[in-house]
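Hello,

Here is the structure I promised to pass on to you. Have a look at it first, and then read on for my notes on what turned up.

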Amino acid sequence: MTNAEIARVFDHIAIMLEMDGGNPFRVRAYREAARVIEHLAEPAASLAQSEGRLQQIKGIGKDLEGKIRDIAATGTTSTYTELSAKYPPSLMELTGIQGLGPKRVKALFTQLGVRSLDDLAQAARGGKIKDLPGFGETVERKVLDAVEKLAAAPVARMLIHAAWPVAGELTQAIGRVPGVEQVEVAGSFRRRRETIGDLDLLVCGGEASAVMAAFTGHAYVAEVLARGETKSSVRLGNGLQVDLRLVPAASFGAAMMYFTGSKSHNIELRKLALERGMTLNEYGLTTGERVVAGRTQGERLVAGRTEEEVYRALELDWIPPELREAHDEIELARQGGLPRLVEESDLHADLHMHTDRSDGRDSLVDMVRAARERGYEYCAITDHSKALGMTRGFDDARVEASIAEIEAVRRDVPGITVLHGLEVDILADGQLDLGEQALAKLDWVIVSLHSSLAQPRDVITARVLRAIEHPAVHLMGHPSGRKIGARNAADLDFERVFERAAELGVAMEINGQPDRMDLSDRNARLAKERGVRFTIDTDSHSTANLGDYIRYGLFQARRAGLTREDVLNAQPFAAFDAWRRGPRRRSTPVAPATVTKPTRRAKPKPDNPPAKPPKPPPKPKSKAIQAKPSKPRPAKPVKGGRR
DNA sequence: GCCGTTTTCGGCCCGACTGTTTTCAGTCG
């Protein structure tokens, strides 16, 4: 049983309890436990084996630990079995429809016998829904609409990479409305999650009607879901839901915090506010007496204009959005111990780049030039090894021939140190896909899993451990092998792999390819705890990837709480090279290139994205969207439902 | 069902929008 599967059972219990009119706080306990389990770095099923271990996790008590153990062992638990007898599991998907929550689904089920999407569509078409108490014609029409849309394109989360240019365009368009002072994207986008369920825009200034008109009338918008004075919601042509809120300047910081989330982070903050006799909501942090009828009197705004102001009033340091997941960031902020997260300007190198010598699009010299233009002090060229036949991967002889090619590019592109590397396949038995002599000639050896990813846990773990034991190995590339929405991570015992990698001095990669973003934030966090060091790479197959993909690697690293010190390619070459060569490795020295400029990385070019999180996204990179604001093409959805 | 400048109970985060109602429940974030 994976964590996601266990979380799903808890989510379903929460929904069924709500249908059953259960205690709302009990419902919430199941929901929160589901979130906690989903975000665990280790399998809950393993933790459940030692009594009391899960109870150390906030949100999981004795009872839920027992239920997790049941689910891990049998796939279910008594509460779930009993509730399922009353409410068929097929009802769960109905609660995913916009406007249908547990209460309405229950009414549909008990009064009309609706059990499935088909039943629902039939009832709506037959005009039966509108007569139910609390429903009406509008609800019926919206339900039918939603069901038909769902049949056409299931609700899904979108890669942050796909949402990036859309966010940029919408931000710009609304920013052009007269009087608008600020437009920011909040939500999971600002927390830089790898996938996002929707976009949350916050706007300050401007005439409400003009802002809402610019928003709901934008060429990307396919459907207006709601339109009010301070809030509107739309669905774009690509299926993405976007919410916009207009907030007063005095509340902008509080609103940014509120809508950036995460939900659990906000709950922690509100509790902190209450402990100090204050109230925190999207309008600000206030003190004062509450009076009847929802109206408050004698309230005094303590803070709200900026996020810094609100955090300070709660006696906390400002917390970078990437960390706002209610792990330990609030405690760290209280103690002044938040990490200084790695930034784009910290990076001195990209250590995973392909060329047209294997499956890349651009030449060796172009790739090196592009790395130099980004201001990098050094880089590694890492084409594939022969096991990946379709990529024209290198065999031993090709590695030998490559030595002269690397020497040539070092002469042709001065000012950047070029490491002669290779991305060597880890064969099914854990052997490396290259001979000893060839390995010894390389400056930089990445080992990666590209095939037989479905091996059982013990087999693939032993395979990876064998591979990283090899003294030539520096780095494990995209360690889990996952492709978001397309392929699961290998069933590795990451804890063992990370512990051994830390002992051996083998680094783990955070790969910035948008559908990999691998290691995940959770695994990177676990790896850091075990003492592993990292690289943040693009795995570029073209010069364009170098500037684009690094963003997503950085997002993941920042969400994991990594600092410059954790990241090898955030070190100047001398420090990096010292790590590269020892102590157990036999790597030969690489002469650094003559550097005519300071060793600190040059400023990113102006068209690069801002490294600091509070800034709005940069101009859209997609030429298609920049050229004409037509409706965006449907982005490839990824699994996971909305959240 | 969890949690506790806590200990076996009492409290648990908050507001906007919608539609159906005529003051509010349900849903959503």
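One term before we begin: two residues are in contact if their C-beta atoms, placed from the backbone, lie within 7 Å. By that rule, and leaving out residues up to four places away in sequence, Val-447 touches Val-424, Ile-426, Leu-432, Ala-467, Ile-468, Val-473, Met-476 and Gly-477. Please keep in mind throughout that this is a predicted model.

**How far to trust it**

Chain A has a mean pLDDT of 85, with 89% of its residues at 70 or more. Among its elements, strand 17 (residues 534-537) has the highest mean pLDDT, 98, while helix 25 (residues 623-627) has the lowest, 30. Two stretches call for care. Residues 290-296 have pLDDT below 50, and beyond near neighbours in sequence this stretch makes four contacts in the model. Residues 596-643 are also below 50, and this stretch has 89 contacts beyond near neighbours in sequence. Where pLDDT is low, the predicted coordinates should not be read in detail.

**The chain as a whole**

Chain A contains 25 helices and 18 strands. Of its 643 residues, 46% are buried. Taking contacts between residues at least 6 apart in sequence, 69% join residues that are at least 24 apart.

**The cores**

The largest nonpolar core has 126 residues, and the ones that touch the most other members are Ala-163, Leu-201, Cys-379, Val-447, Phe-534 and Ala-557. Helix 10 (residues 160-175) supplies the largest share of this core, eight residues. At least three residues of the core come from each of domain 2 (154-342 + 612-643) and domain 3 (344-581). There is also a second, separate core of 41 residues, which includes Val-9, Tyr-30, Ala-48 and Phe-109.

Phe-109 also appears among the buried residues of helix 7, which are Pro-102, Arg-104, Val-105, Lys-106, Leu-108 and Phe-109. What covers these buried residues includes helix 1 (3-19), helix 6 (91-94) and helix 8 (117-125). Just after helix 7 comes Gly-113, with a positive phi of about 70 degrees.

**Around the DNA**

Which residues are closest to DNA strand B? They are Gly-61, Gly-101, Arg-104, Gly-136 and Gly-228, out of 40 residues that surround DNA strand B. Several elements give two or more residues to the surface near DNA strand B, among them helix 2 (24-38), helix 4 (62-74), helix 7 (102-112), strand 4 (198-205), strand 5 and helix 14 (263-275). Helix 9 gives the most, with four residues.

Strand 5 (residues 221-227) runs antiparallel to strand 6 (residues 231-236), and five bridges join the two. The hairpin between strand 5 and strand 6 passes through three residues. One bridge partnership to look for is Glu-223 with Arg-235 in strand 6.

**The parallel sheet**

Strands of a sheet pair through backbone hydrogen bonds, either parallel or antiparallel. Here, seven strands make an open sheet with parallel pairing, in the order 11-12-13-14-15-16-17. Strand 11 (349-353) and strand 17 are the edge strands, each pairing on one side only. Four bridges link strand 17 to strand 16 (residues 507-511) in the parallel sense, and Asn-511 has Asp-537 of strand 17 as its bridge partner.

**Two residues to compare**

Is Thr-535, which lies in strand 17, buried or exposed? Thr-535 is buried, because 28 other C-beta atoms lie within 10 Å and the cut-off for buried is 20 or more. Apart from neighbours within four places in sequence, Thr-535 is in contact with Leu-351, Leu-475, Ala-507, Glu-509, Val-567, Leu-568 and Asn-569. The C-alpha atoms of Thr-535 and Met-476 are separated by 9.5 Å, although these residues are 59 apart along the chain.

Arg-176 sits in the loop between helix 10 and strand 2 (180-185). Arg-176 counts as exposed because it has 10 C-beta neighbours inside 10 Å, and the cut-off for exposed is 12 or fewer. From Arg-176 to Val-211 the C-alpha to C-alpha distance is 9.5 Å, with their positions 35 residues apart in sequence.

Happy browsing, and best wishes!

Conventions:
Residues are numbered from 1 along each chain as its sequence is written. Chains are lettered from A and ligands numbered from 1 in the order in which they are written. This is a predicted model: local features need pLDDT of at least 70, side-chain atom pairs count only at pLDDT 80 or more; totals for chains, interfaces and linings use all residues. Two strands pair if DSSP finds at least two bridges between them. pLDDT is the predictor's confidence in each residue, from 0 to 100. A nonpolar core is a set of buried Ala, Val, Leu, Ile, Met, Phe, Trp, Tyr and Cys residues joined through C-beta atoms within 7 Å. Domain bounds come from an automatic or database domain assignment. A residue is near a molecule or strand if its C-beta atom, placed from the backbone, lies within 6 Å of it.
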